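Here's a walk through one protein chain, written for someone who'd rather be at the bench. Have a look at the model first, then read on.

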Amino acid sequence: MTIENTADKISELNGTYSSDSNGRAQTLSYFILTVFGFSFWFFMAVPFASHRETYSWLAAHYTDRLGQQLAYGLSSTYRPLSQIVTWFGFSILDPRIFPTSILRQTLLQGFIYAMFVLAWWLIYSVARERRVFALVACLAGGVFFSGYVQLFHIYGMFYVPVILTLGALLNFYASGTFGKREVWFAVVAAVLAFWHPFATALFLSFYFGFYLDTFWRRSRLQHIQAAIILLVGTMTIAALVVIFPRNHMPLDTKLFGFLVSYQTNEVNRIASFVAFLLTLLVIFSMRLSTRSRFAAILFASALGVVCLLKGLPLLFLWLFAVLIKLFRLRCWSLFFLALTAALLPFGGGIGTPIYVLFAIIVAVYVTALGWPQAEKALSFITPRYVIGAILASAIILVMVRAGINVPIVTRAATPLLAERERTYQLENILAWLHTSDYCSDEIAFDTNAGSPIEDVESAITRRNRPPAAIEDVELFWKTVLQCQKAGHSNNDTETALVTFGEPALANFQPVFAVKSRYAGDAVVWIRDARIISPVPSLVSSR
């Protein structure tokens with residue numbers, strides 16, 4: 001039992017490109033441009049070594065069995081499917097090898113990156129205004145890269161079905177084939193709740209809007225079918241997220257986490273300016289009279305000033321403009337999809353930037369939607385110009401990775417490169433401590449590295465911030481690397497303090513240091529009275 005996609009406005013606004021050789025060249029070049037924004041930064045830093053919760057996953061491989069991944073594991077909700085797949089990912093990494101294998105980290109992170117690229121292809125392939133779409137996607141991906149940080153984590157596999165679900169929804173809807181697949185899609189979405197509930201939530205919101213779009217064309221049996229799909233999906237989400245969550249967060253914590261997720265994407269004034277620029281692009285893409293468009297620009301400018309004065313991200317303004325555009329188009333499927341995607345950070349509550357990524361992706365698609373005037377105006381951007389710009393950027397990327405200082409680019413890349421270096425510094429420090437005379441010590445950091453809601457400024461600037469929370473590192477240290485010395489009681493345990501680019505500590509002496517180009521020295525400090533070797537060892541991070 002199927003129905004046709006009756007969102008005629010979207011069908012009219014989308015289409016396909018020519019299939020001749022010139023069309024294929026355009027398709028390929030503009031798609032590369034679409035993903036180039038976030039790809040540039042990904043290839044600038046890949047691979048990371050162990051980062052954030054990776055240490056807890058490595059420790060779990062020594063203490064848990066595969067069957068235990070059917071429990072909560074490290075997730076905040078019940079996600080046995082993602083737990084098992086991620087477990088296999090860490091099995092490929094092989095936790096017995098430490099420091100971890102650069103090659104295996106590269107392959108695993110590359111696989112996650114490929115899945116994100118696939119999701120973008122699903123969306124790009126149904127976009128008609130491909131030049132506009134590619135430019136907006138490239139700009140958004142390059143400026144709001146924080147949401148792609150999971151590309152550097154094996155447990156980023158948690159979010160692969162979420163972004164693929166989003167890509168498939170936009171693809172099927174714009175191509176007019178969703179109505180033929182709604183039942184199968186609903187079944188898959190219900191199962192994906194056990195991978196990540198965000199995938200199911202995005203489907204439900206989209207399907208609710210699709211039901212409104214097709215309400216008057218449905219038969220009685222089709223209405224019953226839609227009600228069952230919505231009921232089953234809602235009950236699944238309620239059971240996993242509302243009734244059986246692992247942790248209950250206060251409402252004020254969730255609201256703060258919602259705000260922080262946007263703040264960690266809009267990390268500076270340049271990002272704020274880009275968010276405002278994208279807001280203006282949405283306004284220009286709408287079919288408004290000259291007077292109405294001018295009034296909308298003034299209103300958006302006033303709201304932008306208020307947001308800046310109140311310290312609110314201007315990403316809110318862009319998403320608000322997107323919702324207004326979809327409301328005017330009466331595209332309820334996309335309207336409720338965009339609304340739910342924008343609210344996902346509230347469900348997460350911990351302020352991580354990837355929760356905003358899915359709203360940004362929808363906003364990119366809607367910004368370019370139904371704007372043939374801009375597509376025509378950009379017709380001078382031919383594939384040779386696109387490929388030329390990409391090759392030039394690739395050369396700059398190689399130069400920076402080779403250690404050559406490239407004005408502006410090197411400075412912009414420094415926080416990301418410093419974060420990468422710290423991941424290797426920490427692995428080298430832990431490996432050294434394991435074989436040193438201090439192998440029975442506890443581990444401590446001088447700077448906190450918890451979730452973004454614990455220290456927003458630290459999460460954004462990353463200055464002197466360890467690459468993982470001490471709780472995760474302690475778990476791995478105590479489970480795998482820490483040794484027990486004879487006649488050494490727990491009450492007598494000393495602490496090895498680790499710093500990243502920080503000044504000397506009073507009453508402490510350095511015993512080991514890992515130098516780096518961008519992050520500064522990572523140093524192990526021991527209390528003066530315990531110094532065994534007064535001269536610190538100096539090595540370079542990978």
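Leaving aside its neighbours within four places in sequence, which residues is F144 in contact with? The list runs N265, A271, V274, A275, L278, L315, W318 and I360. Keep in mind that this is a predicted model.

**The core**

F144 turns up again in the largest nonpolar core, which has 163 residues. Together with W120, F203, W318 and L430, F144 touches the most other members of that core. The biggest giver is helix α16 (residues 354–368), which puts in 14 residues. Apart from this core lies another one of 7 residues, including A444, A513, V523 and W525. As a general point, nonpolar side chains in soluble globular proteins tend to be buried together.

Stepping back to the whole chain, there are 21 helices and 5 strands. Of the 542 residues, 56% count as buried. If you take contacts between residues at least 6 apart in sequence, 80% of them join residues at least 24 apart.

**Helix α5**

One helix is worth a closer look. Helix α5 covers residues 102–124, and at 1.5 Å a residue its 23 residues should span 33 Å; the end C-alpha atoms are 32 Å apart, which agrees. At the start of α5, S101 has a side-chain oxygen within 3.4 Å of the backbone nitrogen of L103. The buried residues of α5 include Q105, L108, Q109, I112, M115 and F116, and further along W120, I123 and Y124. An α-helix has 3.6 residues a turn, so residues three or four places apart point the same way. Check that spacing against the buried list and you'll find, for instance, Q105, L108 and I112 on it.

**Rings**

Aromatic rings are a theme here, with 51 aromatic pairs in the structure. F335 and F336 make one edge-to-face pair, because their planes are at 90° with the ring centres 5.2 Å apart. F335 counts as buried at 15% relative accessibility, while F336 is partly exposed at 21%; the cut-off for buried is under 20%. Another pair, W432 and Y438, is tilted, at 6.3 Å centre to centre with 35° between the planes. Both W432 and Y438 are buried. There's also an aromatic cluster made of F38, F42, F43, F48, Y113, F116, F145, Y148 and F152. Two of its members, Y113 and F116, are also among the buried residues of α5.

Arginines get in on the ring business too. The charged end of R384 sits over the ring of Y385, 5.2 Å from its centre. R330 lies over the face of F327, at 4.8 Å from the ring centre.

**Backbone oddities in the loops**

R330 also has an unusual entry in the backbone angles: its phi is positive, although it is not a glycine. The table puts R330 next to R52, another residue other than glycine with a positive phi.

| Residue | Phi | Loop | Relative accessibility |
|---|---|---|---|
| R52 | near 55° | between α2 and α3 | 22%, partly exposed |
| R330 | about 60° | between α14 (315–329) and α15 (332–348) | 41%, partly exposed |

Where do the cis peptide bonds come in? One runs from V46 to P47, with omega near 0°. P47 is in the loop between α2 (21–45) and α3 (54–63), and R52 lies in the loop between α2 and α3 as well. Another cis peptide bond joins F98 and P99, with omega about 0°. P99 is found in the loop between α4 (80–93) and α5.

Technical notes:
Residues are numbered from 1 along each chain as its sequence is written. This is a predicted model: local features need pLDDT of at least 70, side-chain atom pairs count only at pLDDT 80 or more; totals for chains, interfaces and linings use all residues. Side-chain values use heavy atoms; hydrogens and water are left out. Rings of Phe, Tyr and Trp (its six-membered ring) pair if their centres lie within 6.5 Å; planes under 30 degrees apart count as stacked, over 60 as edge-to-face and the rest as tilted. Buried means under 20% relative accessible area, exposed over 50%, partly exposed in between (1.4 Å probe, protein chains only). A charge sits over a ring if NZ of Lys or CZ of Arg is within 6 Å of the ring centre and within 35 degrees of the ring normal. Helices (H or I, at least four residues) and strands (E, at least two) are DSSP runs, numbered from the N terminus. The expected span of a helix is 1.5 Å times one less than its number of residues. A polar contact is a pair of N or O atoms within 3.5 Å; within protein, one must be able to donate a hydrogen and the other to accept it, and residues adjacent in sequence count only if both atoms are side-chain atoms. A nonpolar core is a set of buried Ala, Val, Leu, Ile, Met, Phe, Trp, Tyr and Cys residues joined through side-chain atoms within 4.5 Å. Contact means heavy atoms within 4.5 Å.
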